[in-house]
Amino acid sequence: MDLKGYIIDKSKELNIDIIGFTDCKPLDYLEDYLIARKMENRETEFEVEDIRKRIDPKLTFPNCNTIIVIAISYNNDYDDVPDYKIKGRLSKSTWGWDYHLVLKNKIERLVEEIKKVKDFNYRYFVDTGPLIDRELARKAGIGYYGKNCSIINDEYGSFIFIGYILTDMDISIDSPILENSCGECELCLKACPTGALEGPYLFNPKRCISYLTQTKDRIPYELREKMGISIYGCDICQLVCPENYGIKRPNHHEFLPNMTKGYIDLEELLFISNREFKEKYGSMAGAWRGKNILKRNAIIALGNIKDRDNLKLLETLLMDSSPMIREYAAWSILNTDLEYGRELVKEHMEEESPSLKREIENQINYYLTRMDNNY
């Protein structure tokens with residue numbers, strides 16, 4: 001029996017867009033790069049600390065022989081803009097149902113089909129495993145690295161979700177490594193607002209807006225100003241990529257933004273309860289970070305909008321129970337109206353902890369210095 005052909009056929013029946021196979025050899029050629037990246041403090045809090053676990057599949061699944069990699073397109077278009085008074089933007093990655101659940105369901109159904117003809121052991125992951133999934137995808141022939149370090153598939157572009165199954169099956173590996181089609185194009189590098197794309201294939205994740213909308217670390221002031229109205233994720237480098245146009249369209253209604261329409265109501269997000277947030281937004285991928293991080297991003301968005309009419313919302317947040325929210329509310333007020341905001345936040349500083357008081361003083365000094373430098 002042609003097991004590989006059988007798996008490919010079943011993946012198509014399950015509406016899996018792309019499937020590939022690769023071996024379980026360690027990705028030793030990446031080790032020096034990952035060590036240097038760690039030394040330069042470019043690792044994110046989402047990565048496994050042990051570098052060997054990131055590059056050796058057998059440290060996760062000792063009996064691993066073959067890795068099955070799947071990918072599903074989410075490159076949907078949606079033109080119906082909601083009539084929220086104040087809108088924040090959501091990445092396509094969180095438009096519809098949580099892709100972790102969608103891909104896990106696809107993988108589990110694929111495993112069931114394989115088990116009908118072949119008994120095997122396995123472990124599978126969708127964003128939750130230690131291994132570098134983009135490198136597994138490249139090795140499996142899913143796509144090539146674009147200059148923005150996204151995996152680009154010739155048929156579907158780069159808006160693809162990736163999942164993989166570590167198996168003890170012996171499957172022939174003949175997936176071709178796809179050739180890069182970027183050529184001289186550098187549109188993604190020029191479009192990145194924060195300079196996270198420092199050059200072709202040179203990516204600083206700690207400057208990436210997508211990362212900034214998810215991190216719990218304090219976001220540098222100058223990067224907050226580059227985040228615009230992004231509440232979760234950032235699609236800019238992919239939206240400008242020519243490889244995402246004139247391609248095969250996705251057939252996955254799960255990823256359409258039928259509820260959010262690709263935006264979120266900022267005023268609602270500022271004052272919604274945890275229970276209400278989970279009930280309304282718990283099914284989207286971006287909800288995993290929790291309400292408070294998205295609320296922080298909404299505050300940053302208000303600061304970037306710079307509409308004085310929003311100051312009354314932000315002033316209320318200076319009394320929020322969360323020190324983080326109070327800190328970002330102060331920043332947003334100062335970024336909207338420095339003269340008015342300076343006096344306002346000083347009034348609220350009296351009751352603050354010494355550390356938060358210092359942070360707000362740093363914010364004031366940052367804007368005063370910048371104002372002086374402009375004269």
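Reader: Hi! Which helix and which strand each supply at least two residues of the lining of the second largest pocket?
Author: Those are α1 (3-13) and β1 (18-23). Helices (H or I, at least four residues) and strands (E, at least two) are DSSP runs, numbered from the N terminus. A pocket here is an open set of points on a 1 Å grid over the protein atoms alone, with protein on both sides within 12 Å along at least five of seven lines, and lining residues have an atom within 4 Å of a point.

Reader: Before we go on, what sort of model is this?
Author: This is a predicted model, in which local features need pLDDT of at least 70 and side-chain atom pairs count only at pLDDT 80 or more, while totals for chains, interfaces and linings use all residues. Residues are numbered from 1 along each chain as its sequence is written, and side-chain values use heavy atoms, with hydrogens and water left out.

Reader: Good to know. How many residues line that second largest pocket, and which lie nearest its centre?
Author: The lining has 23 residues, and Lys-12, Asp-17, Ile-18, Ile-19 and Glu-155 are the ones nearest the centre. The volume of this second largest pocket is about 400 Å³; a volume is the space filled by probe spheres set on the grid points, which are joined across faces, edges and corners.

Reader: And what about closed spaces, how many cavities of 30 Å³ or more are there?
Author: The structure has one cavity of 30 Å³ or more, a cavity being a set of points where a 1.4 Å probe fits but cannot get out. The largest cavity holds about 30 Å³ of space. Its lining includes Tyr-74, Trp-95, Trp-97, Tyr-99, Phe-161 and Phe-255.

Reader: Lots of rings there! How many aromatic pairs does the count come to?
Author: Eleven aromatic pairs. Rings of Phe, Tyr and Trp (its six-membered ring) pair if their centres lie within 6.5 Å, with planes under 30 degrees apart counted as stacked, over 60 as edge-to-face and the rest as tilted. Phe-46 and Tyr-211 are edge-to-face because their planes stand at 65 degrees, with ring centres 5.7 Å apart.

Reader: Where do Phe-46 and Tyr-211 lie in the chain?
Author: Phe-46 is in the loop between α2 (31-39) and α3 (51-55) and Tyr-211 is in helix α7 (residues 209-212), so the pair ties together parts that are 165 residues apart in sequence.

Reader: Is Tyr-211 buried or exposed?
Author: Tyr-211 counts as buried, at 8% relative accessibility. Buried means under 20% relative accessible area, exposed over 50% and partly exposed in between (1.4 Å probe, protein chains only). Phe-46 is partly exposed at 36%. Tyr-74 and Phe-159 make an edge-to-face pair too, at 5.4 Å centre to centre and 90 degrees between the planes. That pair links distant parts of the chain, 85 residues apart: Tyr-74 is in the loop between β2 (66-73) and β3 (87-90), and Phe-159 in the loop between β6 (151-152) and β7 (160-167). Both Tyr-74 and Phe-159 are buried.

Reader: Which residues do ring pairs link into a cluster?
Author: Tyr-74, Tyr-99, Phe-159, Phe-161 and Phe-255.

Reader: I'm fond of cation-over-ring geometry. Which ring does the charged end of Arg-308 sit over?
Author: The ring of Tyr-340, at 5.3 Å from its centre. The rule asks for NZ of Lys or CZ of Arg within 6 Å of the ring centre and within 35 degrees of the ring normal. Arg-296 lies over the face of Tyr-328, 5.8 Å from the ring centre.

Reader: New topic: which residues touch the most other members of the largest nonpolar core?
Author: Ile-231, Leu-266 and Val-345, in a core of 55 residues. Such a core is a set of buried Ala, Val, Leu, Ile, Met, Phe, Trp, Tyr and Cys residues joined through side-chain atoms within 4.5 Å. Helix α14 (residues 323-336) gives the most to this largest core, with seven residues. Apart from it lies another core of 27 residues, among them Leu-14, Ile-16, Leu-103 and Ile-165.

Reader: Last one, any odd backbone angles? What is phi of Asn-15?
Author: Phi of Asn-15 is near 60 degrees, positive in a residue other than glycine. Asn-15 sits in the loop between α1 and β1. Lys-261 also is not a glycine and has a positive phi of about 60 degrees; its place is in the loop between α9 (236-239) and β11 (263-265).
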